[in-house]
Amino acid sequence: MTTLDYSDIGKVIPRVLREDETTPTVFTEPQPPIKLDRRQFLKLTGLVGGGLMLSFAPLRKVRAQDGTVFSPNVFVKIDAEGILLYAPNPEIGQGVKTSLPMMLAEELDVAWEDVRVVQAPIDRAYGGQFAGGSMSTPTSWEPLRTAGATARHMLVEAAAQKWQVSADTLSTQNSMVKHASSNREISYRELAADAAKIAVPSRESIKFKDPKQYRLLGKRITGVDNDAIVRGKPLFGIDQMLPGLKYAVYQKCPAIGGTVKSANLDEVKKMPGVLQAGVLEGTGNAMEVLPGVFIIADSTWAAFQAKRALKVEWDENNASKDSWSETVTQASKLVEQAGNRTVDTGDVDAAFAANERQAEGYYKYFFVSHAPLEPQNCTAMFKDGELELWAPTQTPTWGMGPAARAAGIDQSKVKLNQLRCGGGFGRRLYNDFMCEAAAIAKNYPGVPVKLQWTREDDISYDLFRGGGFHKLRGCVDEQGKVVGWHNRHATITGDQGIGSGQFPMGMVDNLRVEHTGIDWKHRCAAWRAPGSNVFGFVLMSFLHELAHAGGRDHRDVLLELLGEERLMNRGGMHTGRAAACVKLATEKAGWTNKKEGRGLGVAFYYSHAGHIAEVAEVSVGDVEGTVTNRQGKSVQKRSLKVHKVTVAADVGPIINLSGAENQVQGSVVDGLSTMVDLAITFENGRVQETNFDKYRMLRMGETPEVEVHFINTGEHSPTGLGEPAFPPLAPAVGNAIFDACGYRVRTLPISEEGFYLV
Amino acid sequence: MKVSVNNTTHDLTGIDPSTPLLWVLRDHLNLVGTKFGCGISQCGACTVLIDDTAVKSCIYPISAVGDKDVTTIEGLASDEEELTPLQQAWVDVDVAQCGYCQAGQIMATEALLRENPNPTDADINTALAGHLCRCGTYLRVREAVKVAAKHRS
Ligand code: FES
Ligand code: FES
């Protein structure tokens with residue numbers, strides 16, 4: 001019955017946000033100030049704490065009639081009642097709903113207790129409203145400080161006019177303007193109406209604070225939604241309630257790309273609570289709507305039960321036949337053949353001919369899933385040719401066009417309400433769930449419908465971090481210096497493989513990288529620290545192998561490789577900042593003073609503008625017999641205890657110390673969890689691990705102590721922390737395992753090599 | 001069929017008795033603080049108290065509640081009241097990243113502290129072993145449990 005062709009799914013690999021790629025477009029065009037009248041203001045402040053029954057009012061149309069609201073830009077609103085700051089970007093657990101308004105508040109010079117923070121509506125005036133590539137912090141730093149400082153400047157001007165004094169004689173602190181010589185002070189709220197009459201000054205006339213005067217930035221601030229979180233208030237996408245809400249599920253072919261031949265719709269429609277069921281042909285775009293069967297019911301449970309009873313006959317002619325076990329066999333041959341040369345500097349062959357001290361290793365990593373704890377969901381209402389969405393997405397503005405297409409309407413007819421995301425990790429950069437909700441709502445017009453994926457849906461139809469295979473060879477000279485490096489690798493087609501951006505490219509004189517693509521039907525895409533999350537393990541583990549081959553201390557080799565202080569010709573990595581991280585992490589971890597029976601391993605990685613070194617302290621148990629791994633091989637079983645991970649990070653100045661530390665701790669936990677036991681395998685085109693019983697994340701008892709040190713030289717702007725602390729963890733732990741027991745782990749997850757966490 | 005949730009009795013006439021408590025709370029009683037993560041008792045996001053015991057509500061049929069009292073995250077402190085020491089500890093330690101797992105972790109802690117007001121690290125690890133935090137906030141959860149224990153005593 002379907003006419004669309006899904007034979008190409010594997011090649012429609014979505015755009016992967018990598019730090020060595022072009023920065024996504026950020027809208028910065030100036031917009032007219034937006035003002036609110038009193039009722040509007042109260043309605044918005046009522047949203048604090050997550051009153052999701054209210055929808056955002058159309059801000060642009062509202063103009064203050066009485067001029068009592070001071071709103072020099074879209075980020076700040078002050079009136080006699082209070083101070084409202086808008087958090088522009090999606091909150092996915094990376095803390096930007098708190099840290100971005102802190103930038104505003106610092107330059108505005110308000111007391112944090114006086115501020116209420118709300119999620120901004122989706123509007124071009126806010127610039128690029130997305131959460132990806134650890135970009136929120138660096139792209140907001142300038143505009144948000146400007147917005148805050150501009151407002152402060154105008155409030156000071158208003159006070160100067162009121163008191164008939166020069167603005168230079170005034171100072172601000174804690175939401176007050178002060179005139180020291182006359183001992184007068186006035187609150188921002190009292191000044192709001194006057195400040196609203198002041199012309200917005202030019203950017204050039206605005207001065208930022210000296211960082212030494214910061215009162216808020218760098219402090220520990222608890223998340224602005226924490227009160228709502230601990231009270232269990234509605235906050236997340238899945239919590240969206242609307243009058244008359246109905247519940248939908250959507251079943252796609254488990255072998256991705258399959259189309260619907262037939263389904264027992266009549267039977268399903270008769271089940272209790274079921275309101276509607278039907279087939280969607282899909283939009284022909286694997287990132288939007290794949291073919292499947294939707295069911296709408298009067299409760300989530302009724303919909304889940306109906307989905308269980310649903311029987312679909314799939315046409316699998318063009319469906320996935322992906323098989324991990326076959327791929328493992330093929331790949332070992334692929335890496336023996338020459339691939340596409342992506343990097344080739346110096347004379348690699350001559351280097352290997354001239355230097356006998358060599359090392360070789362075959363590394364591989366399985367697929368993994370994003371598995372954010374909130375399964376994908378989206379609420380949609382299609383009414384009178386217009387579509388309204390309530391979505392937990394990382395990229396609201398990128399999703400609206402595809403959602404409009406899925407509903408067959410123009411994008412101008414779509415309104416999106418951004419909701420908090422229960423985790424992202426890159427999964428919610430892609431809005432297939434939103435498109436499905438739009439298409440289903442179109443089939444049930446006039447009624448709000450919440451599409452809920454089960455956990456099995458969430459993992460089975462993820463956009464995975466692809467697996468890969470690397471054959472590495474390297475050589476060191478008489479002094480143990482790394483002089484030759486050859487990396488042949490096979491990864492999923494569409495992923496460009498190791499580019500010149502990955503460390504240590506550009507640091508070894510003779511270096512060659514060859515890449516071969518493996519065709520894959522299931523979708524693969526950006527996963528926390530794309531590229532770096534696996535290349536970091538391979539490259540930084542192999543560097544340790546070379547250090548060992550040269551009989552040298554790994555830390556020394558790492559520092560030697562970084563060499564003299566310089567800015568590398570790629571995305572901002574600075575060897576001096578890198579070396580400082582390596583030195584600090586090793587020093588704090590007791591590198592030269594190792595505890596009895598422990599292994600120490602270090603790794604450095606630069607990704608998403610963050611310089612981060614990590615040292616892992618581990619102990620490895622004795623061999624306890626054998627265990628059969630996922631590949632059916634018998635391997636020696638050993639316990640691994642990661643006692644402590646010491647992190648030294650240079651991401652410039654820290655905005656929110658509590659949030660920043662939380663990101664690093666979380667990245668370490670995620671890094672360890674993923675490296676030890678997480679793997680997705682495929683057979684006959686189907687994902688084999690579809691829930692947490694088979695996809696086993698790390699739990700509390702296995703969590704190491706994490707010590708975090710931030711380096712801030714004062715010379716750099718802040719950069720993001722959602723991703724860069726992830727890549728160094730796996731190689732640091734792998735290197736520590738080698739240090740502890742002499743065994744080199746070369747497979748992720750390392751449970752494939754018999755290790756289990758204690 | 002009637003159930004008592006957060007000291008309010010609800011009439012559930014017409015609801016399939018095999019419906020898991022999780023979905024009755026979320027879809028029928030509008031108590032969405034209790035979260036859905038896996039549906040198979042693996043992640044703990046759906047944890048509520050039945051009397052003093054922490055249970056995974058995603059696999060707990062509503063018919064099994066009987067005349068016991070259900071307490072959800074919304075039942076710890078009502079909107080008007082101050083936060084309980086347990087909730088306040090969570091805010092003070094700034095535990096949450098995405099926050100999605102936290103209601104479950106808090107409810108499991110409530111059950112733990114009712115039974116064991118002074119838990120060791122090992123006690124906490126055991127009590128919370130059934131709870132996944134995809135964001136990796138385990139260190140802070142454990143710290144918050146200890147802060148809460150101190151404030152409650
Ligand atoms: S949703 Fe109940 S344990 Fe995961
Ligand atoms: S805070 Fe995100 S899952 Fe725990």
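**Notes on a two-chain model: strands, sheets and a shared interface**

1. Let's start small: B:Leu49 sits opposite B:Ala54, a residue of β4(B). Keep in mind as you look that this is a predicted model. The strands behind that pair of residues are β3(B) and β4(B), which pair in the antiparallel sense over four bridges.

2. How many residues lie between β3(B) and β4(B) in their hairpin? There are two, and B:Asp51, in the turn, has a positive phi of about 50°. Here is some background for that sign: most residues other than glycine have a negative phi, and most peptide bonds are trans.

3. Now step back to the whole sheet in chain B. It is an open sheet of five strands, in the order β2-β1-β5-β3-β4, and its pairing is mixed. Which strands are at the edges, pairing on one side only? They are β2 (8–11) and β4 (53–56) of chain B. On average, neighbouring strands in this sheet are turned by 40° against each other, if you ignore direction.

4. Back to β3(B), this time looking towards β5(B). Strand β3 (residues 47–50) and strand β5 (residues 69–71), both of chain B, pair in the antiparallel sense over two bridges. If you want a residue to find on screen, try B:Ile50: its bridge partner in β5(B) is B:Val70. A helix joins the picture here: α3 (residues 102–115) of chain B packs on the sheet and touches β3, β4 and β5 of chain B. The direction of this helix makes about 35° with that of β3(B).

5. Chain A has an open sheet of three strands to set beside it, in the order β5-β6-β7 and with antiparallel pairing. Why do β5 (170–173) and β7 (184–187) of chain A each have one side without a neighbour in the sheet? They stand at the edges with a single partner strand each, so nothing in the sheet flanks them on the other side. From one strand to the next, the twist averages 25°.

6. Look closer at one pair in that sheet. β5(A) and strand β6 (residues 176–179) of chain A pair in the antiparallel sense over four bridges. In β6(A), A:Val177 is the bridge partner of A:Thr172. Helix α4 (residues 188–195) of chain A packs on this sheet, touching β5, β6 and β7 of chain A, and its direction makes about 75° with that of β7(A).

7. Two backbone details in chain A deserve a quick look. A:Gln164 has a positive phi of about 60° although it is not a glycine; you'll find A:Gln164 in the loop between α3 (136–163) and β5 of chain A. Is the peptide bond from A:Leu748 to A:Pro749 cis or trans? This bond is cis, with omega near 0°. A:Pro749 lies in the loop between β30 (747–748) and β31 (755–757) of chain A.

8. Next, where the chains meet. Chain A has 62 residues in contact with 55 residues of chain B. The area buried between the two chains is about 4,700 Å², and carbon and sulfur atoms give 58% of that. Which three residues supply more than any other three of the area that chain A buries against chain B? A:Arg231, A:Leu373 and A:Met700 do, with 18%.

9. What about specific pairs? There are four salt bridges between chain A and chain B. The side chains of A:Asp670 and B:Arg134 meet in a salt bridge, at 3.0 Å from N to O. Across the same interface, 28 residue pairs are in polar contact, with both residues at pLDDT 80 or more.

10. Finally, the side of chain A that touches chain B. The elements giving two or more residues to this side are α5 (226–231), α7 (300–309), β18 (449–452), α12 (455–460) and α16 (657–677) of chain A. The largest share, nine residues, comes from α16(A). Sorted by class, this side has 26 nonpolar, 22 polar and 14 charged residues.

Note on methods. Residues are numbered from 1 along each chain as its sequence is written. Chains are lettered from A and ligands numbered from 1 in the order in which they are written. This is a predicted model: local features need pLDDT of at least 70, side-chain atom pairs count only at pLDDT 80 or more; totals for chains, interfaces and linings use all residues. Side-chain values use heavy atoms; hydrogens and water are left out. Contact means heavy atoms within 4.5 Å. Buried area is the accessible area (1.4 Å probe) that two parts lose on being put together, summed over both. A polar contact is a pair of N or O atoms within 3.5 Å; within protein, one must be able to donate a hydrogen and the other to accept it, and residues adjacent in sequence count only if both atoms are side-chain atoms. Ala, Val, Leu, Ile, Met, Phe, Trp, Tyr, Cys and Pro count as nonpolar, Asp, Glu, Lys and Arg as charged, and the others, Gly among them, as polar. Two strands pair if DSSP finds at least two bridges between them. Axes are lines fitted to C-alpha atoms, for helices over the stretch in contact, and angles run from 0 to 180 degrees between N-to-C directions.
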